[in-house]
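Hi everyone, thanks for making room for me today. I'd like to walk you through one structure, so please have a look at it before I start.

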Amino acid sequence: MKGPNYSATELLARLVSFDTTSHKSNMELVRFVEDYLAQRGVASQLVVNPEGSKANLYATIGPANVSGVALSGHTDVVPVEGQSWTSNPFVLAERDGRLYGRGTADMKGFLACALAAVPDFQRRQLKVPIHITFSYDEEIGCLGVRPLIAEFGKSLIKPRMVIVGEPTSMSVVDAHKGPVRWHVEIEGRAAHSSMAHLGANAIMAAGNLLQELRSIENELKLAPRNERFNPPYATLQVVRINGGTATNIVPVSCSVEFDLRALPGVDSNSIDRRVRTFVTRECLPELQQVAPESRISIAIANQVPPFAAGANSEAVALALNLVGQNETHAVSYATEAGLFQDDGSPSVVIGPGDIAQAHTADEWIAKEQIQKCSRFLARLADWAENNSD
Ligand SMILES: [Zn+2]
């Protein structure tokens, strides 16, 4: 029944060897984890995407049908294309106490620690079970975890709390901003630019919208600040514009993409409504005066909710206790924690490795961080063994 035990570093080497860049399949990695757990008598449940190319994995160690603590991480990594690596990014390399490889910090290091801890979890008489929840497509907008969460309370036990192991250098993160990205498509009417009155200029309509976005940005800056964040306000930026065909043609189309980084409590839906109202009242009529066929579409391309654990979070209290700290942190990057928290599972972010290493060439994690995380998980097992409330 029991396979050989592996160290976290050995498991990390295996996990890194699977090229799970978000646009590729993660099934080989998932099958490896499934086998590893099965060899120890732990059954996995997979939530597979419609194409069958990617899967989330959910497994429980300890009492069945009881809500426990989920160790949550994503299996996908960002691309290495265009980056200059000293060694093969998919072969774990140790140099000077550091483990190099794509995903070592973000966040296969945490996955490896969680898997390496499974034999220890099994040796204990856990009263509170520990769930393993590994997701796909986190790096492209926390997409994979959503169908997983949708199964909570149905085919999967909803966790009592969730530890998201994103790299925080093993400090306790209880809040982050939430990114929202909009995509606006403006269609006017082309004309020879000497016959401008016959055309409906899509770029000029976009210019109107840009001014409104600037007003929203300024208002967000003036709103009550949250000094835990850097910067201490929500930001809104136009991040991409595409429009026009030639210098002698009134542009028929223009696309605008903009990005909000919402503080917890900032209502992105009201910003969405405001933009739509502005477009309907201010941008479109001007185009349609000349070209009734003109249209403007607005879509939210991606939205990850901001995360705020709240003052009395059981998950934050547990994490602080296990890691022996008394201070929490807020960060600017987004994680899956807001999605779990909004679904009713108190969440906290704590994991090995430095976020500064994430997504970089020669990404690395300090071996000391792996050890620290492993100690943290051993203490979690102590707690889960001795707590029944
Ligand atoms: Zn990550």
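**Two pockets and a metal site**

Let's begin with the second largest pocket, whose lining consists of Ala196, Gly199, Ala200, Asn201, Met204, Ala205, Asn208, Val250, Glu286, Leu287 and Val290. Keep in mind, please, that this is a predicted model. Helices α6 (202-222) and α7 (268-290) each contribute at least two residues to that lining. Sorted by class, the lining has 7 nonpolar, 3 polar and 1 charged residues, and the space in this second largest pocket comes to about 150 Å³.

Now to the largest pocket, with a volume of about 330 Å³. It has 17 lining residues, and the closest to its centre are Glu138, Glu139, Tyr333, Ala334 and His359. The lining here splits into 8 nonpolar, 3 polar and 6 charged residues.

On to the metal. Which residues coordinate the zinc ion? They are His74 through NE2, Asp106 through OD, and Glu166, which is listed with OE twice, at 1.8 to 2.5 Å. Along the sequence, the donor residues follow the spacing H-x31-D-x59-E. Aspartate 106 sits in helix α3 (residues 104-116), while glutamate 166 is in the loop between β7 (161-164) and β8 (172-176), so this pair ties together parts that are 60 residues apart in sequence. Are aspartate 106 and glutamate 166 buried or exposed? Both are buried.

One last point, on geometry: why is the arrangement around the zinc ion called irregular? Because the angles subtended by the 4 donor atoms run from 55 to 138°, whereas a tetrahedral label would need all angles between 85 and 135 degrees.

That's my tour, and I'm happy to take questions.

Key. Residues are numbered from 1 along each chain as its sequence is written. This is a predicted model: local features need pLDDT of at least 70, side-chain atom pairs count only at pLDDT 80 or more; totals for chains, interfaces and linings use all residues. Side-chain values use heavy atoms; hydrogens and water are left out. Donors are N, O and S atoms within 2.8 Å of the metal (3.2 Å for Na, K and Ca); water is not among the atoms, so sites may look incomplete. Four donors count as tetrahedral if all angles lie between 85 and 135 degrees; four count as square planar and six as octahedral if opposite donors are over 155 degrees apart and all others between 65 and 115; anything else is irregular. Helices (H or I, at least four residues) and strands (E, at least two) are DSSP runs, numbered from the N terminus. Buried means under 20% relative accessible area, exposed over 50%, partly exposed in between (1.4 Å probe, protein chains only). On a 1 Å grid over the protein atoms alone, a cavity is a set of points where a 1.4 Å probe fits but cannot get out, and a pocket is an open set with protein on both sides within 12 Å along at least five of seven lines; lining residues have an atom within 4 Å of a point. Grid points are joined across faces, edges and corners, and a volume is the space filled by probe spheres set on the points. Ala, Val, Leu, Ile, Met, Phe, Trp, Tyr, Cys and Pro count as nonpolar, Asp, Glu, Lys and Arg as charged, and the others, Gly among them, as polar.
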